[in-house]
Amino acid sequence: MQKQFMMTEKRLQEIKDELEYLKTVREKEVAEQIKEARSFGDLSENSEYDEAKNEQGKLYSRIAELENILAGAVIINEDSITTQHVSMGTRVTVMEEGDDEPQEYSIVGSQEANPGQGRISDESPLGKALYGHGVGDEVIVEAPAGNVTYRIIAIDR
């Protein structure tokens, strides 16, 4: 069964653009590196050739990864997002038990997650715990240092 990757239209376009670049520009660059390395002679002791072939392997691996993501892409329809419960595309404000400052997170798909920017995946421990809960609910997140309790203060789009 194909894994689904939830994402915005913007992220989908970024992935398509990267794939197009890799298949056109970058693939030609790597092929040229291999061609040039072959011209150095004996391939058994040619580190430039080995490096170019490794780069080609990485390139094809990334292309396959992006194609897999595109095959399972599910676009988040921002018009259908409600603020009754935490769901994909919502912004949630939470208060960690014992903290004085609230924290705000956007719930996004794994392809858009960036915790440093407050964008957490629906697959992350906190994202999973918050998902489906409403304002005023308390959720417990299992963390390596022990369980952490959060109270949901607000849900926005």
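1. A salt bridge is taken here as a side-chain nitrogen of Lys or Arg within 4 Å of a carboxyl oxygen of Asp or Glu. The side chains of E55 and R26 satisfy this criterion, with an N to O distance of 3.0 Å. The contact links distant parts of the chain, since E55 belongs to helix α2 and R26 to helix α1, 29 residues apart. The structure under review is a predicted model.

2. The two partners of this pair fall into separate accessibility classes. R26 has a relative accessibility of 17% and counts as buried, because buried means under 20% relative accessible area. E55, with a relative accessible area of 26%, is partly exposed.

3. Under the same salt-bridge rule, the count comes to nine. Salt bridges that share partners join E18, R62 and E65 into one network.

4. A further contact between the helices is formed by K23 and E67, whose closest N and O atoms are 2.7 Å apart. K23 lies in helix α1 and E67 in helix α2 (residues 47–71), so this salt bridge ties together parts that are 44 residues apart in sequence. Both side chains belong to the intermediate accessibility class: K23 is partly exposed at 38% relative accessibility, and E67 is partly exposed at 34%.

5. The salt bridge between R11 and E14 is local in sequence. The closest N and O atoms of R11 and E14 are 3.2 Å apart. The two residues are three positions apart in helix α1 (residues 9–38), and are therefore separated by about one helical turn. R11 is buried, with a relative accessible area of 16%, whereas E14 is partly exposed at 37% relative accessibility.

6. Turning to the strands, β7 (residues 146–156) pairs with strand β3 (residues 91–96) in the antiparallel sense, over six bridges. Within this pairing, E96 has Y150 of β7 as its bridge partner.

7. Strand β7 also pairs with strand β6 (residues 138–143), again in the antiparallel sense and over six bridges. Here the bridge partner of E138 is R151 in β7. Strands β6 and β7 form a hairpin, with two residues between them.

8. Which helices are linked by the pair E55 and R26? The answer is α2, which holds E55, and α1, which holds R26. The pair K23 and E67 likewise has one residue in α1 and the other in α2. For the strand region, the pairings to inspect are β3 with β7 and β6 with β7.

Notes
Residues numbered from 1 in each chain as written. Predicted model: local features only at pLDDT ≥ 70, side-chain atom pairs only at ≥ 80, totals over all residues. Heavy atoms only, no water. Helix = DSSP H or I, 4+ residues; strand = E, 2+ residues; numbered from the N terminus. Buried < 20%, exposed > 50% of the residue type's maximum accessible area, 1.4 Å probe, protein only. Pairing = 2+ DSSP bridges.
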